[in-house]
Each structure stands twice: as C-alpha cells, then as structure tokens.
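Visitor: Please take one part of this model and go through it closely. I should like a single connected account, with each term explained once.

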Amino acid sequence: LFRSHHSPAPANFCRVVGSMSQPLQNPENLLGAQIKIVTTYGEEIEGELFCIDISGSNSVVLCQRLDNGHINYKWTKTNIIREVTAVSGAPPGGASEELPGVDLKQLESRAQKLEEAAFADSRRYGVGVTEQAQEAFDALAKTMEVEWSGEDIKCLGVTISKPYDPNKNITGSNLQAVERVRKVLQSELGRMSQKKKGSGK
C-alpha cells in the first residue's frame with residue numbers, strides 16, 4: 001500500500017505539499033526529506049517523509065529518529081494536513097530504508113478504540129462544575145453508571161443537584177434508588193474526607 005522512494009507518489013498528493021512556498025511538480029522528490037506538517041488541529045509534526053499512500057489509506061508516514069537511538073513512525077491522515085514545509089532536502093537517491101510491515105486495518109481499529117476511550121473518559125469530567133461536584137461524581141462512578149447533565153449528576157434515574165449534599169440534593173421517583181445513591185455517596189464522600197485529613201490536605 002505504501003509508496004517509498006521505489007515508486008512515485010500519485011499526483012494528487014500535490015494538494016498536500018502545495019502549501020509550501022514552492023509547490024513541487026514531483027512530490028515523490030520529498031521522500032527522505034525532513035518536513036514539518038501542521039494539521040488542521042494545530043498540531044506540528046516533524047520528521048523524515050518515509051511513505052505516501054493516497055489511494056489506499058490516504059495517509060503519510062514520517063520517520064522520527066530519537067536521541068536514544070530509537071525510531072518512531074508517525075502515521076497521519078492527509079485529509080487533516082493543512083500545511084507542509086520542507087526543513088531539509090531529500091538525500092541523493094531518496095530514502096534508503098524499507099518500512100516494516102504495517103497492518104493498516106489494525107492501526108485504524110486501534111486508533112478508533114483509543115478515540116472512543118478518550119471520548120468516554122472526557123465525559124467523566126463536568127464542564128464548569130466545582131471541585132466538590134467532581135468529587136461527588138467520581139465517588140459515585142466507582143460503583144455505579146453515572147453521567148453529567150449540565151451541572152446535575154444522573155445515576156440510576158436519580159438526580160443529584162448542587163451543592164450535592166447526599167441528605168438534601170438527591171431527587172427521583174424511585175425511593176429505593178434514591179436511598180441507594182444516598183448511601184453510596186455518603187460512604188464514598190466520607191472515605192474521601194478521611195483520606196484528605198490523613199494526607200493533611
């Protein structure tokens with residue numbers, strides 16, 4: 001799938017390198033060159049342009065040589081590349097190394113799982129809520145499925161509203177669920193309070 005210096009890059013890769021000060025007519029000439037990529041998210045990635053694959057995975061691979069002697073390969077989708085700048089030219093004959101075998105489907109699957117995990121993790125944090133509110137959420141999340149609804153915490157059909165007092169701010173039509181959430185929240189908040197006292201906070 002990947003194209004190295006042994007096979008030319010397709011012409012439509014010119015759109016990727018076209019933001020350089022001098023657009024290249026033969027983008028395969030960049031293979032082996034040190035380039036800097038700026039993504040649409042503002043991330044800057046620098047390294048040796050190792051491979052180009054537009055028709056298959058629509059991606060490029062940069063080779064980053066680390067100070068400890070290790071080599072890191074950075075795989076990036078071309079549709080998120082906003083700008084490419086050549087830091088230095090390619091060596092004569094282009095890149096001389098072969099890319100190790102890469103299972104692109106496995107990489108895409110892993111990237112998707114990581115993205116989903118990051119999204120799920122981000123949902124654990126309330127937006128514009130107090131430290132006390134986040135502590136209440138984290139306390140319940142240890143043993144129950146919880147989610148944010150604005151500044152309110154939803155759990156088992158029960159709503160915990162600010163200031164998140166287990167004795168005053170838990171409401172719901174199911175009294176058993178209300179009582180269960182209250183006991184769990186009281187217990188976990190008590191443990192957290194004792195832990196803070198023990199650590200001197």
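Guide: Two strands pair if DSSP finds at least two bridges between them. Strands themselves are DSSP runs of E with at least two residues, numbered from the N terminus. By that rule, β3 and β4 pair in the antiparallel sense over 7 bridges. Within this pairing, Val60 is set opposite Thr76, a residue of β4.

The model is predicted, with pLDDT of at least 70 needed for local features and 80 or more for side-chain atom pairs, while totals for chains, interfaces and linings use all residues. Numbering starts from 1 along each chain as its sequence is written, and side-chain values rest on heavy atoms, without hydrogens or water.

The wider setting of β3 and β4 is an open sheet of 5 strands, in the order β4-β3-β2-β1-β5, with antiparallel pairing. Its edges are taken by β4 (71–77) and β5 (81–88); each has a single partner strand, so one side of each is left without a neighbour in the sheet. From one strand to the next, the twist averages 45° (between N-to-C directions of axes fitted to C-alpha atoms, on a scale from 0 to 180 degrees).

The order of strands places β2 between β3 and β1, and β2 merits the closest attention here. On one side, strand β1 (residues 34–39) and β2 pair in the antiparallel sense through 5 bridges. The hairpin that these two strands form has 4 residues between them, and in it Gly42 adopts a positive phi near 90°.

On the other side, β2 and strand β3 (residues 59–65) are also paired in the antiparallel sense, over 5 bridges. The hairpin of β2 and β3 has 5 residues between the strands, and here Asn58 is the residue with a positive phi, near 55°. Across this pairing, Ile52 stands opposite Val60 in β3. Val60 can thus be followed in two directions: it faces Ile52, and it also faces Thr76 in β4.

Next comes the question of exposure. Buried means under 20% relative accessible area, exposed means over 50%, and partly exposed lies in between, for a 1.4 Å probe and protein chains only. On this scale β2 is mostly covered, with 8 of its 10 residues buried.

Glu48 shows the detail at the level of one residue. Glu48 belongs to strand β2, which spans residues 44–53, and its bridge partner is Gln34. Because its relative accessible area is 9%, Glu48 counts as buried. The side chain of Glu48 also has a polar partner: at 3.2 Å, it makes a polar contact with the side chain of Arg65. A polar contact is a pair of N or O atoms within 3.5 Å; within protein, one must be able to donate a hydrogen and the other to accept it, and residues adjacent in sequence count only if both atoms are side-chain atoms.

The range of β3, residues 59–65, includes Arg65. Taken together, Glu48 is bridged to Gln34, while the side chain of Glu48 is joined by its polar contact to that of Arg65. The wider picture is that of β2 pairing with β1 over 5 bridges and with β3 over 5 bridges, while β3 continues to β4 over 7 bridges.
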